[in-house]
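Reader: I am new to reading protein models and would like to go through this one slowly. Could we take it question by question, with the reasoning spelled out?

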Amino acid sequence: TLLHDGWLYVIVSRQKEARRLHKEGGHRRAYAETRKVRDGVLELLRAGDGLPVSESTAKKALKHAERAMEQAKAELGDRPSADARRLERQAAAQMQKARAAYARRNYRDTLLYATLMERNLERAMEAQRLATSRNG
């Protein structure tokens with residue numbers, strides 16, 4: 001597999017190099033190196049696409065997603081912007097799908113929906129920060 005072929009070692013090494021470059025002020029080279037890291041991670045994910053997801057992994061993803069939802073609600077407050085509210089609703093729908101997938105023992109879908117939910121929450125918080133900075 002890719003992990004045994006040293007891909008993970010290469011990715012970690014590239015990330016360390018990117019950090020070093022960034023600290024030394026080589027931002028463009030650091031960014032280029034970080035893009036290579038991202039591409040390597042995507043390749044690893046594609047290679048593991050057909051692998052099963054365990055129940056414990058799915059359960060951890062759900063718990064992590066639930067904590068993320070609580071943190072996002074606290075950060076967004078009672079009056080989120082329209083964009084943040086829309087993204088928060090999408091995240092809530094994805095959380096429901098993740099829970100339903102877990103109940104059906106479809107752990108791969110649980111993981112995917114939980115991950116999508118967290119991304120939407122991140123986008124909601126970014127939208128709220130942007131709206132707050134414009135208004136205040």
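Author: Let us begin with a term that we shall need: a contact means that heavy atoms lie within 4.5 Å. Please also keep in mind that the model is predicted.

Reader: With that meaning of contact, which residues does Ser 81 touch, not counting residues up to four places away in sequence?
Author: Ser 81 has its place in the loop between α3 (55-76) and α4 (82-103). Its relative accessibility is 17%, and buried means under 20%, so Ser 81 counts as buried. Leaving out residues up to four places away in sequence, the residues that Ser 81 touches are Ala 127, Gln 128 and Ala 131.

Reader: Gln 128 appears in that list, so to speak from the other side, which residues does Gln 128 touch, again not counting residues up to four places away in sequence?
Author: Gln 128 is found in helix α5, which covers residues 107-135. With a relative accessible area of 13%, under the 20% limit, Gln 128 is buried. Apart from residues up to four places away in sequence, Gln 128 touches Leu 76, Arg 79, Pro 80, Ser 81 and Ala 84.

Reader: Stepping back to the whole chain, in what order do its elements run from the N terminus on?
Author: The chain has 5 helices and 0 strands. Read from the N terminus on, the order of the elements is therefore written with one kind of symbol, α-α-α-α-α.

Reader: What is the radius of gyration of the chain, and what does the globule rule give for 136 residues?
Author: For 136 residues the globule rule gives 14 Å, and the value for this chain is well over that, so the chain is more spread out than a compact globule. The C-alpha atoms fill a box of roughly 45 × 45 × 15 Å along the principal axes. The radius of gyration itself is 18 Å, against 14 Å from the rule.

Reader: How much of the chain is made up of buried residues?
Author: The chain exposes about 9900 Å², and carbon and sulfur atoms supply 51% of that area. A residue counts as buried when its relative accessible area is under 20%. Of the 136 residues in the chain, the buried ones make up 30%.

Reader: Among the contacts with a separation of 6 or more, what share comes from residues 24 or more positions apart?
Author: One example of a contact across the sequence is that of Ser 81 with Ala 127. Taking the contacts of the chain with a separation of 6 or more, the share from residues 24 or more positions apart is 72%.

Reader: How far apart are the C-alpha atoms of Gly 26 and Ala 103?
Author: Gly 26 has its place in the loop between α1 (7-23) and α2 (27-47). Its relative accessible area is 23%, so Gly 26 is partly exposed. Along the chain, Gly 26 and Ala 103 are 77 residues apart, and their C-alpha atoms are separated by 48 Å.

Reader: And how far apart are the C-alpha atoms of His 64 and Ala 114?
Author: His 64 has its place in helix α3, and with a relative accessible area of 41% it is partly exposed. His 64 and Ala 114 are 50 residues apart along the chain, while the separation of their C-alpha atoms is 8.3 Å.

Reader: Which two residues form the aromatic pair, and is the pair stacked or tilted?
Author: The structure holds 1 aromatic pair. Its members are Tyr 102 and Tyr 107, with 5.6 Å from centre to centre, and both of these residues are buried. The planes are 50° apart, and because stacked pairs have planes under 30 degrees apart and edge-to-face pairs over 60, the pair of Tyr 102 and Tyr 107 is tilted.

Reader: Is Arg 105 buried or exposed, and near what value is its phi?
Author: Arg 105 has its place in the loop between α4 and α5. Its relative accessibility is 65%, so Arg 105 counts as exposed. Most residues other than glycine have a negative phi. In Arg 105, by contrast, phi has a positive value, near 65°.

Reader: Lastly, how far apart are the mean positions of the positive and negative charges?
Author: The chain carries 29 positive and 18 negative charges, and a mean position is taken for each group. The distance between these two mean positions is 1 Å.

Key
Residues numbered from 1 in each chain as written. Predicted model: local features only at pLDDT ≥ 70, side-chain atom pairs only at ≥ 80, totals over all residues. Heavy atoms only, no water. Helix = DSSP H or I, 4+ residues; strand = E, 2+ residues; numbered from the N terminus. Rg over C-alpha atoms; globule rule 2.2 N^0.38 Å. Buried < 20%, exposed > 50% of the residue type's maximum accessible area, 1.4 Å probe, protein only. Areas by Shrake-Rupley, 256 points an atom, 1.4 Å probe, with all protein chains shown as cover. Lys, Arg positive; Asp, Glu negative; His and termini not counted. Charge placed at Lys NZ, Arg CZ, Asp CG, Glu CD. Phe/Tyr/Trp six-rings, centres within 6.5 Å; stacked < 30°, edge-to-face > 60°.
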